[in-house]
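Subject: Handover of a structure and its findings

Dear colleague,

Please find the structure below, handed over for your own work. A summary of what was found in it comes after.

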Amino acid sequence: MQFQLTDDEAQFASEVETFIEAELPAGYEGPQWEGGPEHQRVAKKFTDKLAKKGWLAPAWPVEYGGLGLSHWKQMLYKEMISYHRAPLGQSGMGVSLVGPTLIVYGTEEQKKEHLGAILRNEEWWAQGFSEPNAGSDLASLQTRATLDGDEFVVNGTKIWTSGAQYASKLFLLARTDPEAPKHRGISFLLTDIKAPGITVQPLVDMTGGKPFNQVFFEDVRIPKQNLVGEYNRGWYVAATLLDFERSGVEWSASSRRLLRDAVAELRSWGAGSALSKPAVRTKLASMAVECEVARWLAYRVTSMQAAGLIPNHEASISKLFGSELTQHLAQTLVEIHGLYGQLRNTSTRVRLHGRPADSYLSTVPLTILAGSSEIQRGIIAGRGLGLPRQ
Ligand SMILES: Cc1cc2nc3c(=O)[nH]c(=O)nc-3n(C[C@H](O)[C@H](O)[C@H](O)COP(=O)(O)OP(=O)(O)OC[C@H]3O[C@@H](n4cnc5c(N)ncnc54)[C@H](O)[C@@H]3O)c2cc1C
């Protein structure tokens, strides 16, 4: 067991960090969550620079335009991006989800059309999986795609579609055989999000932002060549896709940064302030412990990937612990800041850029998206502890 980066890995992490610090606007704080059109513009500019550097898809194989970096370097890159709150806009969906899926399942035409465009930051993707009646039980989705000559005709509704209002493309799951068992009659399709018949309706969350959307499909025609993988076997394509983003290092990295900023800010309150109270010190120390545990749980997932293993309940543990950490930290900062902890960034009396209150609100969905805490606990109980299914 060796808990140390190689010189090469440490040098890479430092190069990424130097680049991020140089390229982000001075004093850049990043939005808490979606951030609106202005944030999307900053994200586009920054991501264009990453793309020019060739770093947008660090782990893609070289033959597809990536850098072919190791799992460790890929994880370090993500850790730096999250720690510095570097904005990637919607580029992440293409780089982390669609691109790797096309590399495995895509036709030559699909690879040619999309991989280069994703690498140049020209295509921003959104994920159309969840529906009003299909979330944790995704296979019960009802959006229908019916073959009509060389086209699918799609009708239905997707919901919680992150960033769809900024995306140019959408990947979706649709039911192509309603008679088949529910996992077997689903196909994986790609579409222009501006295709006739698609309506994107932003949804407001409790922070006041519009991070996600409801997407309506009314007789949307999708060319047959946009089918990824086999007809009616899209569930298995989607399962591969969901495996691509698994270390969960972003939770610990963003929490470490917030804790560091909070401690620096609390210090500035001076002697006799909150920092001298044993209860406050104890809470902050507990948060430091949770940040480290989350980081090492993510590293464990990466070490399995690097060894050619497929993380399973280990990835669930990392996601569960990391996402719950973000909520514990937000709650701790709200408590420590007292009434200041309730101020949003719009107040002139705000402390810590309003992050206590913003985090308190914006971390709520983190234990729902990408498999809720209950679903993760179910996986850990079943596959980790070997308990019988309920
Ligand atoms: C901020 C945000 C962004 C999102 N972005 C996207 C996106 O871009 N694209 C997309 O397709 N989807 C997206 N989602 C949707 C997300 O995948 C779903 O919200 C998630 O799968 C849960 O589904 P649901 O909301 O329908 O809740 P449900 O599945 O209805 O769950 C409701 C409650 O029941 C619990 N529950 C459900 N099943 C079980 C079970 N078997 N055992 C124990 N408890 C259970 C859940 O944990 C939850 O507490 C996003 C969600 C959020 C919050």
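The notes that follow take up the ligand site, the salt bridges, and some features of the surface and a loop. Please bear in mind throughout that this is a predicted model.

The ligand site

The ligand is surrounded by 17 residues, and the closest of these are Ser130, Ser136, Trp160, Ser372 and Glu374. By class, the surrounding shell consists of nine nonpolar, seven polar and one charged residues.

Three side chains place a polar atom within a short list of distances that may be useful to you:

- Ser372: a side-chain N or O atom is 2.5 Å from an oxygen atom of the ligand.
- Glu374: a polar side-chain atom lies 2.6 Å from an oxygen atom of the ligand.
- Ser162: a side-chain N or O atom is 2.7 Å from a nitrogen atom of the ligand.

On its own, the ligand has 970 Å² of accessible area, and the protein covers 64% of it.

Salt bridges

The structure holds 22 salt bridges. Three of the pairs are described here individually.

Asp8 and Lys73 form a salt bridge in which the closest N and O atoms are 2.8 Å apart. This pair links distant parts of the chain, since Asp8 belongs to helix 1 (residues 7–23) and Lys73 to helix 3 (residues 71–83), with their positions 65 residues apart. Are the two partners buried or exposed? Asp8 counts as partly exposed because its relative accessibility is 45%. Lys73, by contrast, is buried, because its relative accessible area is 14%, and the cut-off for buried is under 20%.

Arg221 and Asp148 also meet through their side chains in a salt bridge, at 2.5 Å from N to O. Here too distant parts of the chain are linked: Arg221 is in strand 7 (residues 212–223) and Asp148 in strand 2 (residues 144–148), 73 residues apart. Arg221 has a relative accessibility of 38% and therefore counts as partly exposed. Asp148, at 41%, counts as partly exposed as well.

In the third pair, Glu335 forms a salt bridge with Lys283, and the closest N and O atoms are 2.3 Å apart. Glu335 lies in helix 9 (residues 313–337) and Lys283 in helix 8 (residues 278–306), so that the pair links distant parts of the chain, 52 residues apart. With a relative accessibility of 43%, Glu335 counts as partly exposed; Lys283, with 34%, is likewise partly exposed. Beyond such pairs, salt bridges with shared partners join Glu29, Arg85, Arg257, Arg260, Asp261 and Arg355 into one network.

Surface and loop

A nonpolar patch on the surface is formed by Val104, Tyr105 and Tyr236, which together have about 260 Å² of accessible area. Within this patch, Tyr105 is placed in helix 4 (residues 91–105). Its relative accessibility is 30%, so Tyr105 counts as partly exposed.

Asn133 is found in the loop between strand 1 (125–128) and strand 2. Asn133 counts as exposed because its relative accessibility is 71%, the cut-off for exposed being over 50%. Between the C-alpha atoms of Asn133 and Arg267 there is a separation of 48 Å, and these residues are 134 apart along the chain.

With kind regards

Note on methods. Residues numbered from 1 in each chain as written. Predicted model: local features only at pLDDT ≥ 70, side-chain atom pairs only at ≥ 80, totals over all residues. Heavy atoms only, no water. Near = heavy atom within 4 Å. Polar contact = N/O pair within 3.5 Å; in protein donor to acceptor, adjacent residues only side chain to side chain. Areas by Shrake-Rupley, 256 points an atom, 1.4 Å probe, with all protein chains shown as cover. Nonpolar A, V, L, I, M, F, W, Y, C, P; charged D, E, K, R; others polar. Patch = residues over 30% accessible without salt bridge, like charges linked within 9 Å, V, L, I, M, F, W, Y side chains within 5 Å. Salt bridge = Lys/Arg side-chain N within 4 Å of Asp/Glu carboxyl O. Helix = DSSP H or I, 4+ residues; strand = E, 2+ residues; numbered from the N terminus. Buried < 20%, exposed > 50% of the residue type's maximum accessible area, 1.4 Å probe, protein only.
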